[in-house]
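Work through the exercises below with the sequence and the 3D structure open. Try each task before reading its solution.

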Amino acid sequence: MRRFLSVLFPALAAVLLCGAAAAADSAKAGASILAANGLVDDPAFMVHKELIRQIDVASEAWRETYENVKSIGDIENYQAAHKAFFLKNLGRLWEKTPLNPQVTGAVNLPEYRVEKIILETQPHFYATGTMFLPNIEKFAPPYPGLLIVCGHWQNGKAAYDHQTLAALGAMNGLAVFVFDPIEQGERFQNFDADGKMTFWGTAAHNMLGATSILLGRNTATFEYWDNARALDYLQSRDDVIADRLGVAGNSGGGTQTSYLMALDDRVACAAPCCFLTGFYGHLTHVLNPQDAEQNIFGQVAFGMDHQDYPIMRAPKPTLMCCKTNDFFCTDDTWTSFRFANRIYSRFSTPERLSIVEIEGGHGYSPEVYNATIRWMLRWLAGRTELTYTIHPDTMVPIFPEEQLNSVDDPKGVMSLPNARTTYDLNRDLAKELSAERAERLAGISADEFAALVRGRAVIAQPDAIAPAEEIADAAGSDDFIYKTAPGIYCPVRQAFSASQGETLRLIVTSRGRQSDDVGDLIDTLDAADGPVCAIDLRGWGETQNVSKEYFRYDHFGTDGIDFYCAYLLGKTYVGMRAEDLIAAAKSLKEKFGDKKIELIADTASAGIVALHASAAAPGLFAKVTLGETIPTWTERVNAAPEPIPMTDLVHGVLTDYDIDDLIRFAP
């Protein structure tokens with residue numbers, strides 16, 4: 001299911017891959033300075049190790065808060081605070097507009113019947129789904145409704161697992177709506193010139209997530225909105241009981257189920273499968289953060305773990321489904337169940353939270369199908385026995401994929417009149433924010449802008465950033481090491497003596513201080529103008545993380561995993577690196593006799609950090625020189641989908657400022 005296509009954007013991909021290779025070469029060339037001084041066992045994991053330490057601290061804070069939730073009033077306050085936090089960090093939503101539902105066809109079987117549906121969850125933003133309806137001779141309408149949200153199967157609603165669960169529900173008297181997520185089923189958005197789909201599923205969700213971050217949104221924003229509108233559709237049908245709605249889903253559908261059940265009070269009954277586990281354990285420490293939609297900005301630091309999704313809806317019925325050999329740690333699922341069950345027990349309704357664990361790997365199985373539908377019948381229809389059940393040798397009848405298509409075109413919804421994409425919706429918001437920003441920034445002072453930048457990029461006040469501590473040097477070389485924060489070491493390459501000139505040129509580079517490119521840059525600088533240093537800020541040079549490729553190197557750089565660890569902690573790489581730079585600059589001023597400091601950023605990524613450091617600490621730097629043109633973040637949103645280094649991103653930054661604003665305030 002986690003399939004990625006390497007054909008996307010080959011030219012830019014080559015550039016990013018070359019950059020990753022250069023960083024790796026630099027790390028090898030200069031690895032001895034940290035290792036030789038016994039500071040870091042594995043420099044490439046220095047940042048990751050510190051982020052995991054902070055996640056552990058957040059875990060202790062979550063537990064302390066949880067243990068103080070005692071009364072029903074405490075629970076309700078806890079639920080309200082968590083819902084408000086979650087919705088805030090999903091970002092700006094839309095006004096509800098007519099769904100304009102279309103039934104484009106119907107197919108009947110003796111056991112059940114189906115209708116093929118198209119909705120507009122926003123004007124010309126089309127979504128496809130299939131209604132599985134009971135045989136009216138066996139079950140008279142109206143029916144309780146069940147929304148099935150799909151996991152990362154390419155064929156979405158038509159996937160075997162989704163059809164099977166839906167058919168079983170219909171055969172037992174439920175009206176079941178199976179809904180295609182964006183970039184799956186009939187909702188692909190990315191095609192080449194020949195009309196061939198270029199990427200889908202998690203790859204497309206991660207691509208959407210990257211530029212959505214700049215707007216304060218998330219891939220989950222679009223999924224949550226679509227699913228809420230799907231509930232609107234179920235409530236609009238005469239054959240569905242509007243106040244008896246359930247939701248279920250597996251894997252990525254389990255993610256969507258967890259969010260919807262926590263946020264939408266209309267969900268009377270829920271059954272997420274193969275998702276609920278826990279951020280503070282295996283997921284971050286071993287498996288590593290997953291798809292874009294599974295990471296909400298700041299949720300770990302705020303204190304929102306997976307058990308909080310059922311807690312946020314307590315005491316409404318929730319069934320947690322898991323598999324013994326899932327890559328989502330089942331032991332952590334049981335821990336989440338225990339924490340949530342204590343909250344349900346305070347309502348005197350422990351029976352409304354249950355868990356089923358079945359042998360096997362990630363995904364549905366006959367036992368889970370049966371358990372899910374039985375759970376829905378119990379709480380939505382007042383029945384506990386299934387009319388039909390599934391066994392490995394007696395599965396329900398389902399349809400070939402093409403028979404369930406709502407659109408008669410290989411391009412699915414994108415073939416419909418004036419069809420819009422998630423990227424179009426983001427461009428709309430970018431335009432709105434641009435106008436709002438221009439009005440807000442008109443006449444703003446440098447100090448006011450500095451405060452704005454520090455707040456958005458999560459950078460401490462300059463006075464609170466201590467000068468870096470010089471703790472080691474390398475025998476026989478001019479390199480030395482700065483400690484800028486607990487567990488964070490930034491090697492520095494010194495080129496000329498301190499006796500020359502009045503200005504210290506500090507090279508900020510994403511290529512690594514030992515790279516040939518930095519050496520060539522140093523050679524072009526006039527020694528008479530003053531000393532030159534090149535610094536490896538955290539995660540660059542010899543501390544570059546080049547370990548895992550789940551977030552593709554050619555899409556997002558080599559450190560997507562660490563980016564999302566920081567993201568969950570409510571931090572930005574831009575901000576952390578800017579703090580490194582400010583701390584180092586303070587020490588360099590002391591080391592070289594209070595010289596003026598000119599920042600020279602040799603790459604666009606380094607330029608973003610340099611501009612933030614300069615804006616956040618007015619007066620510390622005399623000049624900022626950019627070696628590459630930096631696209632504005634608005635341009636990035638307008639050009640999407642295209643690769644973007646994740647560590648260049650700042651959540652919600654376009655609410656407050658853009659790259660051109662940073663340049664305007666730079667010395």
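Two strands pair if DSSP finds at least two bridges between them. Helices (H or I, at least four residues) and strands (E, at least two) are DSSP runs, numbered from the N terminus. The model is predicted, so local features need pLDDT of at least 70 and side-chain atom pairs count only at pLDDT 80 or more, while totals for chains, interfaces and linings use all residues. Residues are numbered from 1 along each chain as its sequence is written, and side-chain values use heavy atoms, with hydrogens and water left out.

**Exercise 1. A hairpin**

Task: Find the partner of Gly-105 in E2 and state how E1 and E2 run.

Solution.
Step 1. Gly-105 has Lys-116 opposite in E2.
Step 2. E1 and E2 are antiparallel and are joined by 6 bridges.
Step 3. Between E1 and E2 lie 3 residues, and the two strands form a hairpin.

**Exercise 2. The sheet of 9 strands**

Task: Give the order of the 9 strands and explain which of them stand at the edges.

Solution.
Step 1. The order is E1-E2-E3-E5-E4-E6-E7-E8-E9, in an open sheet with mixed pairing.
Step 2. Strand E1 (102-108) and strand E9 (353-358) each have a single partner strand, so one side of each is left without a neighbour in the sheet.
Step 3. On average, neighbouring strands of this sheet are turned by 20 degrees against each other, direction ignored. Here, axes are lines fitted to C-alpha atoms, for helices over the stretch in contact, and angles run from 0 to 180 degrees between N-to-C directions.

**Exercise 3. Parallel pairs around E4 and E6**

Task: In which sense does E4 pair with E5, and which helix packs on the sheet there?

Solution.
Step 1. E4 (residues 143-149) and E5 (residues 175-179) pair in the parallel sense over 5 bridges. Leu-147 stands opposite Phe-177 in E5.
Step 2. Helix H5 (residues 160-171) packs on the sheet and touches strand E2 (112-122), strand E3 (125-134), E4, E5 and strand E6 (240-250). Contact means heavy atoms within 4.5 Å. The direction of H5 makes about 45 degrees with that of E3.
Step 3. E4 also runs parallel to E6, joined by 5 bridges. Tyr-143 has Val-240 as its bridge partner in E6.
Step 4. E6 in turn pairs with strand E7 (residues 267-273) in the parallel sense, over 6 bridges. Leu-245 has Val-267 as its bridge partner in E7.
Step 5. E6, helix H8 (residues 252-263) and E7 make a right-handed β-α-β unit. A crossover is right-handed if, with the strands pointing away from the viewer, the path from the first strand over the helix to the second runs clockwise.

**Exercise 4. Two helices**

Task: Describe how H3 and H12 cross.

Solution.
Step 1. Two packed helices are described by the angle between their axes and the distance between the axes.
Step 2. The axes of helix H3 (residues 46-67) and helix H12 (residues 330-346) come within 12 Å and cross at roughly 20 degrees.
Step 3. H3 is therefore roughly parallel to H12. Angles under 35 degrees count as roughly parallel, over 145 as roughly antiparallel, 65 to 115 as roughly perpendicular and the rest as oblique.
Step 4. H3 and H12 make a left-handed crossing. A crossing is left-handed if the near helix is turned anticlockwise from the far one by less than a right angle, and right-handed if clockwise.
Step 5. Trp-62, Arg-63, Tyr-66 and Glu-67 in H3 meet Arg-338, Phe-339, Arg-342 and Ile-343 in H12. By class, the residues of this contact are 4 nonpolar, no polar and 4 charged. Ala, Val, Leu, Ile, Met, Phe, Trp, Tyr, Cys and Pro count as nonpolar, Asp, Glu, Lys and Arg as charged, and the others, Gly among them, as polar.

**Exercise 5. H5 again**

Task: How do H5 and H13 cross?

Solution.
Step 1. The axes of H5 and helix H13 (residues 366-381) come within 10 Å and cross at roughly 40 degrees.
Step 2. H5 is therefore oblique to H13, and their crossing is right-handed.
Step 3. The contact has 5 nonpolar, 4 polar and 1 charged residues.

**Exercise 6. The sheet of 7 strands**

Task: Give the order of the 7 strands and name the edge strands.

Solution.
Step 1. The order is E10-E11-E12-E14-E13-E15-E16, in an open sheet with mixed pairing.
Step 2. Strand E10 (469-473) and strand E16 (623-626) are the edge strands, each pairing on one side only.
Step 3. From one strand to the next, the twist averages 30 degrees.
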